[in-house]
Amino acid sequence: RAYFSRYQVKFRRRREGRTDYRQRKRLCTQDKNKYQSPKYRLIVRFTNTQVICQIAYSMIDGDRIMAQATSRELERYGLEVGLKNYAAAYCTGLLVARRLLQKLGLDDVYEGNTEVDGEVVSTEYNKKKYYVEEVDEDRRPFRALLDVGCKPTTTGCRIFGAMKGAADGGLDIPHSNKRFPGYDRDAKEYDADMHRERIFGGHVGEYMEYLDEEDNQKYQEHFASYIENDVEADGLEELYEGVHEKIREDPSPGDKKDYSPDKSFKRKAKLTLDERKARVQAKKDAKNAELEEDDEE
């Protein structure tokens with residue numbers, strides 16, 4: 001009894017399994033000699049249908065979002081199917097990075113890695129390591145830390161696809177190649193070509209060709225949206241290259257669509273106590289009349 005009277009529940013988002021507060025504290029806490037300079041985070045989340053990427057920083061009353069991009073927006077750039085695979089995650093990370101740098105006026109200074117090769121790009125400047133190709137003397141690159149939430153950080157995880165896209169987009173995100181597809185932990189070797197293949201949807205193309213040969217019916221069901229949009233396995237790389245180019249040309253957010261809710265539906269008015277009693281009595285009378293008819297027969 002004494003134990004339960006002193007029991008303190010965990011934070012609500014911890015109870016719901018939404019926030020890892022140990023991780024969040026380390027991502028948000030800033031050195032005191034940096035005063036109130038915020039720590040920026042690249043937040044990557046996956047839903048059942050899309051990828052969401054945000055650049056945010058925390059305040060005492062909540063987080064502030066500086067830029068956001070979702071893979072739903074990739075339809076503007078020509079990608080209408082496969083909106084949550086590794087290649088789509090890369091495109092979304094690239095989009096949020098270019099959008100933020102455009103907002104801050106850094107898009108011309110830090111263009112990022114235009115030739116996608118899967119390698120980790122880094123340089124040293126004033127005894128400090130930056131994850132960009134070149135550091136401008138007047139304006140430093142925008143540094144953000146990867147926030148994975150409660151997802152397990154396994155090798156080849158799609159989260160790192162979004163991070164690679166943001167890093168290639170010109171953001172300074174500390175990382176290594178140890179969690180990218182193509183890294184062999186036993187041999188401690190990294191195959192950048194394998195990672196590049198993932199970025200351009202090579203693994204999806206291989207599976208499409210395999211299913212088409214082995215089980216055409218399953219291929220028709222599984223890739224129905226690809227077939228409908230005339231997306232073929234051998235055209236995926238060209239498709240993603242075009243998406244990357246269009247994102248770099250215009251990363252600004254699209255126009256908001258006017259939303260008008262459907263007001264035709266109206267909820268039925270709640271019955272009063274007298275009406276509920278009358279309804280019950282009517283049912284009783286109907287049942288009694290039915291029983292009387294059966295007895296007479």
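Reader: What covers the buried residues of helix 7?

Author: The cover includes helix 8 (216–222), helix 9 (224–228) and helix 10, contact being heavy atoms within 4.5 Å. Helices are DSSP runs (H or I, at least four residues), as are strands (E, at least two), numbered from the N terminus. The model is predicted, with local features needing pLDDT of at least 70, side-chain atom pairs counting only at pLDDT 80 or more, and totals for chains, interfaces and linings using all residues. Residues are numbered from 1 along each chain as its sequence is written, and side-chain values use heavy atoms, without hydrogens and water.

Reader: Which residues of helix 7 are called buried, and why are they said to line one face?

Author: Val204, Gly205, Met208 and Leu211 are buried, that is, under 20% relative accessible area (1.4 Å probe, protein chains only; exposed is over 50%, partly exposed in between). Seen down the helix axis, the buried residues fall within an arc of 130 degrees, taken from the directions to the C-beta atoms, so they line one face. The face turned away carries the exposed Glu213 and Glu214.

Reader: How do you know that the span of helix 7 agrees with expectation?

Author: The expected span is 1.5 Å times one less than the number of residues. For the 13 residues of helix 7 this gives 18 Å, and the end C-alpha atoms are 18 Å apart, so the two agree.

Reader: What makes strand 3 and strand 6 edge strands?

Author: Strands pair if DSSP finds at least two bridges between them. Four strands form an open, mixed sheet in the order 3-2-1-6. Strand 3 and strand 6 (145–147) each have a single partner strand, so one side of each lacks a neighbour in the sheet.
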